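Please open the structure in a viewer and keep the sequence alongside. The tour below proceeds by selection, one stop at a time.

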Amino acid sequence: MTNTVRDNTERQRFELDADGHIAFADYKRAGGLLSMLHTEVPKALEGRGIGSALIRGVLDIARSEGLKVNPLCPFAKAYIEKHPEYVTCASDHV
């Protein structure tokens, strides 16, 4: 795994490569708000912390760009709730 989350703006999703697979988080941007819509980790990668690494990377990117995050995706919302250091970048919708 490269541990590098990249923003695929063309497909409106963040991606993380791992063992020949791509985990991704779909999003929508509007102004300074990043709405996280869906997170998907291939079955071959489940249970290895790939989803958490992806969300952590997305939140780090959002923080560095000054974006607020609206976690509509249940996985992303749960991650933020379990990691209080990211609550400050979450919108009031958490």
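Is Ile 22 buried, partly exposed or exposed? The model is a predicted one, and in it Ile 22 has a relative accessible area of 35%. Because buried means under 20% and exposed means over 50%, Ile 22 counts as partly exposed.

**First stop: the surroundings of Ile 22**

Select Ile 22 within strand 3, which covers residues 21–30. Leaving aside residues up to four places away in sequence, Ile 22 touches Arg 6, Arg 13, Glu 15, Leu 16, Asp 17 and Pro 42. Add Gln 12 to the selection: Gln 12 and Ile 22 are 10 residues apart in sequence, and their C-alpha atoms are 14 Å apart in space.

**Second stop: Glu 15**

Move next to Glu 15, one of the residues that Ile 22 touches. Glu 15 lies in strand 2. With a relative accessibility of 4%, Glu 15 counts as buried. Show its side chain together with that of Asn 8: the two side chains make a polar contact at 3.0 Å. Not counting residues up to four places away in sequence, the contacts of Glu 15 also include Thr 4, Val 5, Phe 24 and Leu 54.

**Third stop: the sheet**

Now display the strands as a cartoon. Five strands form an open sheet with mixed pairing, in the order 1-2-3-4-5. Strand 1 (6–8) and strand 5 (68–71) are the edge strands, each pairing on one side only. On average, neighbouring strands of this sheet are turned by 35° against each other, direction ignored.

At one edge, select strand 1 and strand 2 (residues 13–18), which pair in the antiparallel sense over three bridges. Asn 8 has Arg 13 of strand 2 as its bridge partner.

**Fourth stop: the helices**

Select helix 1, residues 50–64. Helix 1 lies across strand 2, strand 3, strand 4 (33–40) and strand 5, and runs at about 135° to strand 2. Then select helix 2, residues 74–82, which also packs on the sheet and touches strand 4 and strand 5. The direction of helix 2 makes about 120° with that of strand 5.

Which residues of helix 2 are buried? They are Ala 76, Tyr 79 and Ile 80. These residues lie on the same side of helix 2, because they cover an arc of only 95° around the axis. Their packing partners are strand 4, helix 1 and strand 5. Rotate the view to the face turned away from the buried side: the exposed residues Pro 74, Glu 81 and Lys 82 are found there.

**Last stop: the aromatic pairs**

How many aromatic pairs does a search of the whole structure find? The search finds two. Begin with Phe 14 and Tyr 27, a tilted pair at 4.8 Å centre to centre, with 40° between the planes. Phe 14 belongs to strand 2 and Tyr 27 to strand 3, so this pair ties together parts that are 13 residues apart in sequence. Phe 14 and Tyr 27 are both buried.

Finish with Tyr 79 and Tyr 86, whose ring centres are 6.1 Å apart. Their planes stand at 45°, so this pair is tilted. Tyr 79, already seen among the buried residues of helix 2, has a relative accessible area of 5%. Tyr 86 is buried, with a relative accessible area of 5%.

Conventions:
Residues numbered from 1 in each chain as written. Predicted model: local features only at pLDDT ≥ 70, side-chain atom pairs only at ≥ 80, totals over all residues. Heavy atoms only, no water. Helix = DSSP H or I, 4+ residues; strand = E, 2+ residues; numbered from the N terminus. Buried < 20%, exposed > 50% of the residue type's maximum accessible area, 1.4 Å probe, protein only. Contact = heavy atoms within 4.5 Å. Pairing = 2+ DSSP bridges. Axes fitted to C-alpha atoms, helices over the stretch in contact; angles between N-to-C directions. Polar contact = N/O pair within 3.5 Å; in protein donor to acceptor, adjacent residues only side chain to side chain. Arc of directions from axis to C-beta. Phe/Tyr/Trp six-rings, centres within 6.5 Å; stacked < 30°, edge-to-face > 60°.
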